Each structure stands twice: as structure tokens, then as C-alpha cells.
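Grab a pencil and open the viewer. Below are some short exercises, each with a worked solution that you can follow step by step.

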Amino acid sequence: MQLPYVYRVTKYDPADRDAHGYYTGSEDTVSDHGEVEASYLQAVAAFARDTGVHHLAVREPQVPSIAHFGVEPPVDGFGLDGLFPAGPAGFYDGAEVSLEIGLQLVRAMLRDNGAWCRLETEGTFAVHVGWDQYLYISSSRPCEEALAHTRELGLFPERVDASPYAFEAEEEEHVTQRPSDDDFWADLHRAVANGSAGILEETYLEGASRWHHLDRDTVDTIRAGVAPRARLAVWPPLSSDINAVLEALPAEGLVEGVWQDNDGRIHSALADETAFPELTARMRSARAAALLSAYAGESVPLFTAVMPDNDGVLRARWRTEPTPSDRNWALRHPRR
């Protein structure tokens with residue numbers, strides 16, 4: 001839902017923009033970790049106060065994966081340390097946080113060294129951070145007092161039509177997203193029993209996944225521990241022919257190595273050709289392994305799903321890439 005009032009809040013004076021809107025002044029594009037950063041946070045608090053918001057929901061949370069593109073170095077814990085009672089596991093899509101914790105998440109985004117998300121109160125308020133200290137705040141109200149206070153803080157709020165970082169649903173050929181409901185888990189049980197399924201990928205944050213070994217005795221336990229709103233992908237069993245797996249490494253490109261060590265745990269790592277020697281060394285002593293292409297359409301899981309909420313409603317906005325099996329499922333379950 002597009003809120004009626006959207007503001008771009010920055011430390012960049014509009015007077016220092018060229019005819020194309022590009023900033024040409026002397027302000028740095030990183031956080032000062034000080035007075036200016038504090039002004040950003042005070043501005044967010046002022047808009048939330050003007051809107052009557054005291055709690056926010058985390059949406060589409062993500063952390064860096066193979067590459068870190070931020071302008072500051074990554075930090076341990078992705079800037080989440082101490083923010084959630086359950087630790088980083090509390091950072092998931094739909095998690096409700098106080099405004100105070102929300103401001104700390106905004107601080108982490110301003111520092112561009114770890115976690116990122118959209119923070120929203122449905123139908124009322126939204127805030128997120130883009131590149132180069134561009135803060136976007138949306139509200140159901142004009143927030144005149146917050147605008148005045150933001151200017152007093154030395155920042156520049158500008159009315160815009162929409163944030164370029166607002167969530168946009170991808171209508172993938174209008175394929176209905178499959179939820180990981182009872183039918184999904186029943187299908188998974190059958191796939192494990194007939195030997196076609198062997199591992200489950202649980203993407204609990206954008207950029208972070210857990211892998212689970214599947215057998216008849218583990219499926220229900222895995223289901224009980226899946227993170228809220230996680231995306232799930234079911235893959236064939238790993239291969240015990242490690243030499244054949246490693247010989248399939250391409251000369252270059254991006255691959256994900258998945259392997260099971262001798263104590264049964266499954267690990268994964270994204271690597272390009274510069275990291276293939278290290279990946280090979282880690283996988284050579286594995287019990288079983290597989291290589292998955294990181295390029296769309298080249299490695300396709302058996303079927304996928306997204307975890308619904310406890311009431312059975314699928315509220316997660318992110319989607320899995322539909323497989324042939326998912327499309328067949330969608331034909332049997334048209335949208336209502």
C-alpha cells in the first residue's frame with residue numbers, strides 16, 4: 001500500500017544539486033557516527049510521533065552474503081547484537097519491535113555495515129534507508145511538526161512521489177506462491193520416502209540460509225524449528241562421489257557448495273573462481289556434497305514454499321522462484 005506522504009530526508013542541501021538532481025556538495029556519503037547520525041534518528045522519531053506510531057514490523061530483512069557492498073566494513077552480528085532478546089534469531093520478517101529498537105535498526109542501516117530491512121506499521125508508517133545516507137519516511141499524515149523539527153536539526157526533508165526502495169511485488173507470471181502448509185510437508189514426507197528429496201534449504205533472511213538433512217525421522221523436527229516466514233526449497237540428496245562433484249567445478253563463475261561433514265551437519269558457501277581452492281579444500285573430506293549454480297534457472301529445486309503465519313495466512317511478501325512442480329501445484333490451487 002502506497003502511503004500518501006513520502007519524504008526523502010538527507011543531509012544534502014538541495015541547493016547543491018545539479019540540473020539532473022545529483023548532489024555536488026561536500027557532504028560525505030558515510031555516517032559520521034555522531035551528531036548528524038543522531039539527527040537522522042531524531043527525525044525518524046519525530047515522524048513516528050507525529051503519526052502516532054510506537055511499534056514497527058520488520059519486513060524483508062537481509063544480511064550480506066558472499067559480497068559486502070557497503071561503504072563501511074561489516075561488523076560481527078551485522079549490527080544486531082543486543083537488539084533482540086532471542087539474539088539475531090529475533091530478526092525475521094514480521095517481527096514486531098518497539099520504536100526504540102527500530103531506531104537502532106535505522107542506525108545499523110545508516111552505517112551500512114550489516115543488517116537491512118524495511119520498518120513498517122501497516123497502512124500508517126514506513127521507514128528505510130537507501131544508499132548514501134538517503135532516508136525515506138512514509139506516513140498516512142502530513143507530519144508538519146516533524147518536517148519543521150527535521151529542518152531545525154539541519155536535515156533536508158523533501159516530498160517525493162515514492163521511495164525507490166519501497167517493496168514492489170513481482171508477479172511471476174501470476175503463479176500463486178505455495179505456502180508450507182500441511183500439504184507441503186506431506187509431499188515432502190513422500191519425496192523423502194521415495195528417495196527424490198534429500199536436503200532442505202531454509203532461507204530465514206535474505207542472504208542467510210540453513211541446510212537440513214532429510215530422512216523419515218527428521219522432517220517433523222525440522223518443520224518445528226523453521227524460522228517465521230522463511231522460504232523453503234527442497235533439493236535432491238547430496239552425492240557421496242566427492243571427486244565427481246569437485247570435477248564439476250566450472251572454470252569460472254559463481255557456485256554454491258553444499259556438503260555434509262562427518263558429524264552429519266550440512267554447510268554451504270557461495271564462491272567464485274578466486275575462492276574455488278578454499279571451497280575444494282573444505283569439501284574434499286565431506287561425507288556427501290553438491291554444487292549448485294548461483295545463476296537463475298541453472299540449478300532448480302524440486303519444489304519450494306514460504307512459511308505462513310501461525311494462523312495459516314501467508315503474509316510474507318517475498319516469493320520463491322517457481323519450479324515446474326510449483327507451477328503444477330498452482331494450477332490445482334488458483335488464486336481466489
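**Exercise 1: a charge over a ring**

Which residue lies over the face of Y204, and at what distance from the ring centre?

*Solution.* Keep in mind from the start that this model is predicted.
- Step 1: Find the ring of Y204; the residue over its face is R210.
- Step 2: Read off the distance, which is 3.9 Å from the ring centre.
- Step 3: Now look at F167, where R317 lies over the face of the ring, at 4.7 Å from its centre. Hang on to R317, as we'll need this residue again.

**Exercise 2: R317 and its partner**

Find the acidic partner of R317 and work out whether each residue of the pair is buried or exposed or in between.

*Solution.*
- Step 1: R317 makes a salt bridge with E60, and the closest N and O atoms are 2.8 Å apart.
- Step 2: Place the two on the chain. R317 sits in the loop between β14 (303-306) and α8 (324-332), while E60 belongs to strand β2, so the pair links distant parts of the chain, 257 residues apart.
- Step 3: Check E60. Its relative accessible area is 5%, so E60 counts as buried, given that the cut-off for buried is under 20%.
- Step 4: Check R317. With 22%, R317 is partly exposed.
- Step 5: Zoom out. R317 and E60 belong to a network of salt bridges that also links R59, D93, R118, E120, R229, D309, D311 and R315.

**Exercise 3: two more salt bridges**

Describe the salt bridges D182 to R223 and D311 to R315, and say how accessible each residue is.

*Solution.*
- Step 1: For D182 and R223, the side chains meet at 2.7 Å, N to O.
- Step 2: D182 is in helix α4 (residues 182-193) and R223 is in helix α5 (residues 219-225), so this salt bridge ties together parts 41 residues apart in sequence.
- Step 3: D182 has a relative accessible area of 55%, so D182 is exposed. R223 has 30%, so R223 counts as partly exposed.
- Step 4: For D311 and R315, the closest N and O atoms are 2.8 Å apart.
- Step 5: D311 is at 51% and therefore counts as exposed, because the cut-off for exposed is over 50%. R315, at 37%, is partly exposed.
- Step 6: For the overall tally, the structure has 19 salt bridges.

**Exercise 4: aromatic pairs**

How many aromatic pairs does a search of the whole structure find? Then describe the pairs Y7 with F47 and Y12 with Y134.

*Solution.*
- Step 1: The search finds eight aromatic pairs.
- Step 2: Know what to look for. A pair of rings is described by how far apart the centres are and by the angle of the planes.
- Step 3: Y7 and F47 are 5.5 Å apart, centre to centre, with 40 degrees between the planes, and this pair is tilted.
- Step 4: Y7 is in strand β1 (residues 5-10) and F47 in helix α1 (residues 35-51), 40 residues apart, so to speak a link between distant parts of the chain. Both Y7 and F47 are buried.
- Step 5: Y12 and Y134 form a tilted pair too, with 5.3 Å centre to centre and 35 degrees between the planes.
- Step 6: Y12 is in the loop between β1 and α1, and Y134 is in the loop between β5 and β6 (135-139), 122 residues apart.
- Step 7: Y12 is buried because its relative accessibility is 1%. Y134, at 14%, is buried as well.
- Step 8: Add Y23, and you have one aromatic cluster of Y12, Y23 and Y134.

**Exercise 5: a pocket**

What is the volume of the second largest pocket, and which residues are closest to its centre?

*Solution.*
- Step 1: The volume of the second largest pocket is about 680 Å³.
- Step 2: The pocket is lined by 28 residues, and the closest to its centre are M1, E120, E122, G123 and R317.
- Step 3: β2 (55-62), β4 (116-121) and β5 (125-129) each give two or more residues to the lining. β2 gives the most, with four residues.
- Step 4: Sort the lining by type, and you get ten nonpolar, nine polar and nine charged residues.

Definitions and conventions. Residues are numbered from 1 along each chain as its sequence is written. This is a predicted model: local features need pLDDT of at least 70, side-chain atom pairs count only at pLDDT 80 or more; totals for chains, interfaces and linings use all residues. Side-chain values use heavy atoms; hydrogens and water are left out. On a 1 Å grid over the protein atoms alone, a cavity is a set of points where a 1.4 Å probe fits but cannot get out, and a pocket is an open set with protein on both sides within 12 Å along at least five of seven lines; lining residues have an atom within 4 Å of a point. Grid points are joined across faces, edges and corners, and a volume is the space filled by probe spheres set on the points. Ala, Val, Leu, Ile, Met, Phe, Trp, Tyr, Cys and Pro count as nonpolar, Asp, Glu, Lys and Arg as charged, and the others, Gly among them, as polar. Rings of Phe, Tyr and Trp (its six-membered ring) pair if their centres lie within 6.5 Å; planes under 30 degrees apart count as stacked, over 60 as edge-to-face and the rest as tilted. Buried means under 20% relative accessible area, exposed over 50%, partly exposed in between (1.4 Å probe, protein chains only). A charge sits over a ring if NZ of Lys or CZ of Arg is within 6 Å of the ring centre and within 35 degrees of the ring normal. A salt bridge is a side-chain nitrogen of Lys or Arg within 4 Å of a carboxyl oxygen of Asp or Glu.
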